[in-house]
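Student: I have a structure open and would like to go through the ligand site and then the backbone. Can we take it step by step?

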Amino acid sequence: MFPDYFEGPLDVSIVRRAVEDGLLEVDLIDLRDHGLGKHRQLDDTPFGGGPGMVMMIEPLASALEPLSSTTRILFTPAGIPMTQATLDRWAGLPEITFVCGRYEGVDQRIVDHFIDEEVSLGDYVLAGGEVAAAAAIEGVSRLIPGVVGNPESTDRESFRGGLLEEPVYTRPAEYQGWSVPDVLLSGDHARIEEWRREQRFRRTKERRPDLMSNGEDSDT
Ligand code: 6GU
């Protein structure tokens, strides 16, 4: 419903470069082009009553039918949360269609007949799926071979067993009395790696204990 939303996200950084280098193609579909009647209607009030509007069948069916050879994802707060594993899987697909639902929902018959997966960005409410789609495009783009210069930076997540990243520092070594941990300036690569690993575990345990369930020593 809001293709203009994507002008920014598609025009910067990794995604822009992926497109420029011919490694990624993104087509935007304006649902309004599939709207009904003179007003190009896209949504209507829910059967059974209640607040908000529901996205109608016909415009979405018209837009999605020709894309039946692609994997069709609906972004909705009622979906399964998107994780790195989701993006890794999508990055291996030749063609994906991201459908941005509005918060109040999409007629369930569209979901039943045209949608392969329902995915959420997280446990909070947004007005629509556009932010999730932009996040997915960016997250998938950096996994496409050749898009990110240093493949180590995309391998890292899996090397590190799904732990949170350690804190990082750069020059100057001291700023207004705030110093960098000595170990990072020591040149002792074994100690540095041990420190980083400890930091990853400490952070993850504190902030995301849910990631630690099988995380015992799955690093490196
Ligand atoms: Cl995909 N859509 C909306 N409307 N809200 C969300 C979401 C999606 N993911 C989290 N909140």
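Student: Which polar backbone atom is 2.5 Å from a nitrogen atom of the ligand?

Tutor: In this predicted model, that polar backbone atom belongs to Tyr-124. Further nitrogen contacts of the ligand involve a polar backbone atom of Gly-128 at 3.4 Å and a side-chain N or O atom of Ser-120 at 3.3 Å.

Student: And how much of the ligand's accessible area does the protein cover?

Tutor: The protein covers 100% of the 290 Å² that the ligand has on its own. There are 14 residues around the ligand, and those that come nearest are Thr-76, Leu-121, Gly-122, Tyr-124 and Leu-126.

Student: Where is Tyr-124, then?

Tutor: Tyr-124 sits in the loop between β5 (117–120) and α6 (130–141), and it counts as partly exposed because its relative accessibility is 44%, between the 20% and 50% cut-offs. Together with Phe-2, Tyr-5, Leu-126 and Val-131, Tyr-124 forms a nonpolar surface patch of about 460 Å² of accessible area.

Student: Switching to the backbone, which residues does the cis peptide bond join?

Tutor: The cis bond joins Arg-171 and Pro-172, with omega at about 0°, and Pro-172 lies in the loop between α7 (152–159) and β6 (174–175). Most peptide bonds are trans.

Student: What is the phi of Arg-40, and of Gln-176?

Tutor: Arg-40 has a positive phi of about 50°, and Gln-176 has a positive phi near 45°, although neither is a glycine. Arg-40 is in the loop between α2 (13–20) and β1 (43–44), whereas Gln-176 is in the loop between β6 and β7 (178–179).

Student: Why does Gln-176 count as exposed?

Tutor: Gln-176 is exposed because its relative accessible area is 61%, over the 50% cut-off.

Methods:
Residues are numbered from 1 along each chain as its sequence is written. This is a predicted model: local features need pLDDT of at least 70, side-chain atom pairs count only at pLDDT 80 or more; totals for chains, interfaces and linings use all residues. Side-chain values use heavy atoms; hydrogens and water are left out. Patches are made of residues with over 30% relative accessible area and no salt bridge: like charges are joined within 9 Å, nonpolar side chains (Val, Leu, Ile, Met, Phe, Trp, Tyr) within 5 Å. Accessible areas come from the Shrake-Rupley method with a 1.4 Å probe; for residues, only the protein chains shown count as cover. A salt bridge is a side-chain nitrogen of Lys or Arg within 4 Å of a carboxyl oxygen of Asp or Glu. Helices (H or I, at least four residues) and strands (E, at least two) are DSSP runs, numbered from the N terminus. Buried means under 20% relative accessible area, exposed over 50%, partly exposed in between (1.4 Å probe, protein chains only). A residue is near a molecule or strand if one of its heavy atoms lies within 4 Å of it. A polar contact is a pair of N or O atoms within 3.5 Å; within protein, one must be able to donate a hydrogen and the other to accept it, and residues adjacent in sequence count only if both atoms are side-chain atoms.
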